[in-house]
Amino acid sequence: MINHANAQNIKNWLEAINQFNSTLEFGTTRVLFTPSEIAAREYVKNEMLKLGMNVREDAIGNIFATYEGQDTSLPAVWTGSHIDTVLNAGMFDGMAGVVGGMEAVRLIKESGQRPKRSIEVIVYTSEEPTRFGLSCLGSRAMAGKLSLEDAKNLKDNDGNTFAEVLKSLEYNPVEFKNIPISKGSVFGAVELHIEQNGLLEENGLPVGIVKAICAPTNYSVEVYGCQSHAGGTSMDARRDAFTASCEVSLSLERLAKESESEYTTATIGRVEVVPNAVNVIPGTVKFSIDIRDIDFESKNILLNKLLKEISEIEQKRGVNITLIPENHDRPIRCDEKIVEVIRQSCENQGIAYQVMISGAYHDSLFVGEFAPVAMIFVPSKNGISHSPEEWTDYEDIAVGVDALAETLLTLANTTDE
Ligand SMILES: [Zn+2]
């Protein structure tokens with residue numbers, strides 16, 4: 001038997017990690033390879049060592065802490081998440097999964113059991129796109145979707161490339177080619193994460209079992225019309241980049257609502273109007289498009305319809321619309337066998353749960369490219385995250401860890417494939 005997770009341990013670790021924060025006055029900010037993030041890495045690695053785990057890093061800074069099983073030649077079982085944050089965020093998104101993995105290993109060790117397979121707690125490098133504009137750098141590279149060439153092209157706001165930053169921290173670029181993980185070398189991966197939505201709280205449930213993870217497609221859009229006088233230019237003579245952009249946004253919203261997929265979202269969250277003056281018809285508008293879908297085919301259908309409608313808007317309004325693709329990621333279904341193991345673990349322990357979809361994406365999305373994955377969600381207070389108000393009760397994380405620990409142990413003892 002495994003003991004229950006210790007909420008105090010979880011609290012201590014989370015509070016300790018939260019000290020590494022570059023905006024102590026407002027929320028938590030820990031951006032990739034800034035002093036606070038580097039210090040947090042050191043702290044976490046040290047705590048992992050204290051748990052008796054072997055700790056290593058790959059050439060992109062993914063941290064692997066291994067609790068060795070009886071047969072280290074067997075593919076290992078993974079858990080873990082990230083410790084970087086967006087700006088002025090909270091102390092749970094990502095960290096709950098890292099600390100949860102550590103607590104799960106501590107519990108398994110404490111129970112005196114050494115499972116057949118090794119269990120590894122992973123800290124994925126830069127899940128958040130805060131510094132280099134691209135998310136999931138570590139897990140993306142593991143999936144073979146971020147090369148050293150790509151790392152040379154990613155720049156932060158100060159003009160440093162990701163490759164330069166890695167090199168300055170003595171990560172070896174020659175080793176970059178060894179980052180991708182081959183299929184079959186990981187038996188299964190289970191990430192614990194805060195829900196970032198309010199369903200669990202609404203339904204009074206401590207645990208969500210994720211059956212599928214939505215994937216994003218992002219575009220940067222530029223609309224060119226004609227800048228001119230707001231009074232002097234009559235209504236039928238203008239080529240207004242802003243009203244054209246509005247039409248694009250309404251098309252996008254309608255297409256997302258009409259989608260036959262089980263879950264689709266579409267958002268224009270960043271808009272820049274030029275020149276942004278009361279008496280001038282906007283000549284240029286730049287905006288972002290973020291589309292999430294649980295079904296890749298449906299997402300492609302939506303995109304095709306959108307492109308068609310955009311070209312109609314261009315014709316009708318005499319504007320030029322350029323779409324610059326940023327990423328077009330593939331959603332994943334979680335592994336049914338692992339979902340079943342989590343479900344069974346919850347039932348064995350009397351933990352109430354619901355099976356759900358993750359509208360947000362996580363490192364598991366990319367890990368899912370080379371390994372069977374599933375996720376365990378714990379409730380987010382008021383559904384809020386990426387905010388100083390982000391909160392999950394430590395006791396709720398502990399319940400998630402109870403489910404996680406049994407799941408990891410079961411998987412690590414499964415050898416009949
Ligand atoms: Zn996260």
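Q: How do the residues lining the largest cavity divide into nonpolar, polar and charged?
A: In this predicted model, that lining has 5 nonpolar residues, 3 polar and 1 charged.

Q: Which residues are they?
A: The lining is made of Trp78, Thr79, Gly80, Tyr124, Ala189, Val190, Glu191, Ser364 and Val367.

Q: And which strands and helices supply at least two of those residues each?
A: Strand S3 (76-81), strand S5 (186-194) and helix H11 (363-367) each do that.

Q: How much space lies in there?
A: About 40 Å³ for the largest cavity.

Q: OK, how many cavities of 30 Å³ or more are there?
A: The count comes to 2. The second largest cavity holds about 30 Å³ of space.

Q: What lines that second largest one?
A: Glu37, Arg41, Ile83, Asp84, Val123, Tyr124, Thr125 and Ser126 do. Tyr124 also turns up in the lining of the largest cavity.

Q: How does the lining of the second largest cavity divide up?
A: There you get 3 nonpolar, 2 polar and 3 charged residues.

Q: Switching topic: how many residues does helix H12 have, and how far does it reach?
A: H12 covers residues 394-412, so to speak 19 residues in a row, and spans 26 Å from its first C-alpha to its last. That is close to the 27 Å expected at 1.5 Å a residue.

Q: Why is H12 called largely enclosed by the rest of the structure?
A: Because 15 of its 19 residues are buried. Buried here means under 20% relative accessible area.

Key. Residues numbered from 1 in each chain as written. Predicted model: local features only at pLDDT ≥ 70, side-chain atom pairs only at ≥ 80, totals over all residues. Heavy atoms only, no water. 1 Å grid on protein atoms, 1.4 Å probe; cavity = no way out; pocket = protein on both sides within 12 Å on 5 of 7 lines; lining within 4 Å. Points joined across faces, edges and corners; volume = space filled by probe spheres on them. Helix = DSSP H or I, 4+ residues; strand = E, 2+ residues; numbered from the N terminus. Nonpolar A, V, L, I, M, F, W, Y, C, P; charged D, E, K, R; others polar. Expected span 1.5 Å × (residues − 1). Buried < 20%, exposed > 50% of the residue type's maximum accessible area, 1.4 Å probe, protein only.
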